[in-house]
Amino acid sequence: MVDYIDMKVKADVKNALEGTSVMDTLTNEFLQVTLNEAYTLQMRTLPSENGDTLFCLSKTLRGPLAESEVSIYNQDWQRIKTLSFNAQELITKPDTMSKAAFDDLRPLFEVSLVEAQLSIDQPTLTISVSPINLSKDETEKVKPLLSSRTLLWNGKEF
């Protein structure tokens, strides 16, 4: 795939599951590969406090909704930490919504998925939450609460 990128042609190959894997983006700091229609891998280098380079790896599975697993590795590919996100902490009450209406909608986020996207050009991670198993009416009601947050890497955490 890297050779294809160097030749400025589409970097896609047939995979073992009879699908196509595509290297979407490759820079000195960022990589994105779509392994198949349901699985995307992103990797970004991050500076650490002590000057070493760390690697952030985001694996996203897509069904009807997306869910990501994000881990930080050292240069020896030893996992330093796996990030976890609390959906309840990611939702915020819009100014136009009453506290009572917001409190009524909060339980709909008890079972939620979190999607994470690394930035191609900055050491940031954008996360968004999606509640699952909602009716069409509930989905419409929670839309004002669905927003993304961008977290900046400070040398040791987002």
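This text leads through a predicted model, starting with its sheet and moving on to its cores, aromatic rings, salt bridges and two backbone angles.

The sheet is a good place to begin. Strands of a sheet pair through backbone hydrogen bonds, and the pairing can be parallel or antiparallel. In this model, seven strands make up an open sheet, and the pairing is antiparallel. Their order across the sheet is β1-β2-β3-β4-β5-β6-β7. Which strands stand at the edges? They are β1, residues 12–14, and β7, residues 79–83. Each of these has a single partner strand, so one side of each is left without a neighbour in the sheet. On average, neighbouring strands of the sheet are turned by 20 degrees against each other, with direction ignored.

One pair of strands can serve as an example of the pairing. Strand β2 covers residues 20–26 and strand β3 covers residues 30–36. The two run antiparallel and are joined by four bridges. To find a matched position, look at Val22, which stands opposite Thr34 in β3.

The next topic is the nonpolar interior. In soluble globular proteins, nonpolar side chains tend to be buried together. The largest nonpolar core of this model has 25 residues. Those with the most contacts inside this core are Leu46, Cys56, Ile72, Leu125, Val129, Leu145 and Phe158. Several elements give two or more residues to the core, and both strands and helices are among them. The strands are β5 (53–62), β6 (66–73), β8 (112–118) and β9 (124–131). The helices are α2 (87–90) and α3 (99–105). A second core, separate from the largest one, has seven residues, including Met23, Val33, Leu57 and Tyr73.

Leu125 shows what the surroundings of a core residue look like. Which residues does Leu125 contact, leaving aside its neighbours within four places in sequence? From the earlier part of the chain, the list includes Val70, Leu83 and Phe85. Ala116, Gln117 and Leu118 are also in contact with Leu125. The remaining contacts of Leu125 are Arg149, Thr150, Leu151 and Phe158.

Aromatic rings come next. A pair of aromatic rings is described by the distance of the centres and the angle of the planes. A search of the whole structure finds three aromatic pairs. In one of the pairs, the rings of Phe55 and Trp77 have their centres 4.9 Å apart and their planes at 10 degrees. Planes under 30 degrees apart count as stacked, so the pair of Phe55 and Trp77 is stacked. Phe55 lies in strand β5, while Trp77 lies in the loop between β6 and β7, so the pair ties together parts that are 22 residues apart in sequence. The two partners differ in exposure: Phe55 counts as buried at 17% relative accessibility, whereas Trp77 is partly exposed at 43%. Ring pairs also bring in Tyr73, so that Phe55, Tyr73 and Trp77 are linked into a cluster.

The charged side chains give another set of links. How many salt bridges does a search of the whole structure find? It finds five. One of them joins the side chains of Lys59 and Glu69, at 3.3 Å from N to O. This pair links distant parts of the chain, with Lys59 in strand β5 and Glu69 in strand β6, 10 residues apart. Both residues are partly exposed: Lys59 has a relative accessible area of 24%, and Glu69 has 34%.

A salt bridge also forms between Asp103 and Lys99, whose closest N and O atoms are 2.8 Å apart. Asp103 and Lys99 are four residues apart in helix α3, and are therefore separated by about one helical turn. Asp103 is partly exposed at 33%, while Lys99 counts as exposed at 56%. Another salt bridge connects Glu140 with Lys143, with 3.0 Å between the closest N and O atoms. Glu140 is partly exposed, with a relative accessible area of 47%, and Lys143 is partly exposed with 46%.

Last come two backbone angles. Trp77, already met in the ring cluster, has a positive phi of about 60 degrees although it is not a glycine. Asn133 likewise has a positive phi of about 60 degrees without being a glycine. Asn133 is placed in the loop between β9 and α4 (136–142), and it counts as exposed at 74% relative accessibility.

Notes: Residues numbered from 1 in each chain as written. Predicted model: local features only at pLDDT ≥ 70, side-chain atom pairs only at ≥ 80, totals over all residues. Heavy atoms only, no water. Core = buried A, V, L, I, M, F, W, Y, C linked by side-chain atoms within 4.5 Å. Buried < 20%, exposed > 50% of the residue type's maximum accessible area, 1.4 Å probe, protein only. Contact = heavy atoms within 4.5 Å. Salt bridge = Lys/Arg side-chain N within 4 Å of Asp/Glu carboxyl O. Pairing = 2+ DSSP bridges. Axes fitted to C-alpha atoms, helices over the stretch in contact; angles between N-to-C directions. Phe/Tyr/Trp six-rings, centres within 6.5 Å; stacked < 30°, edge-to-face > 60°.
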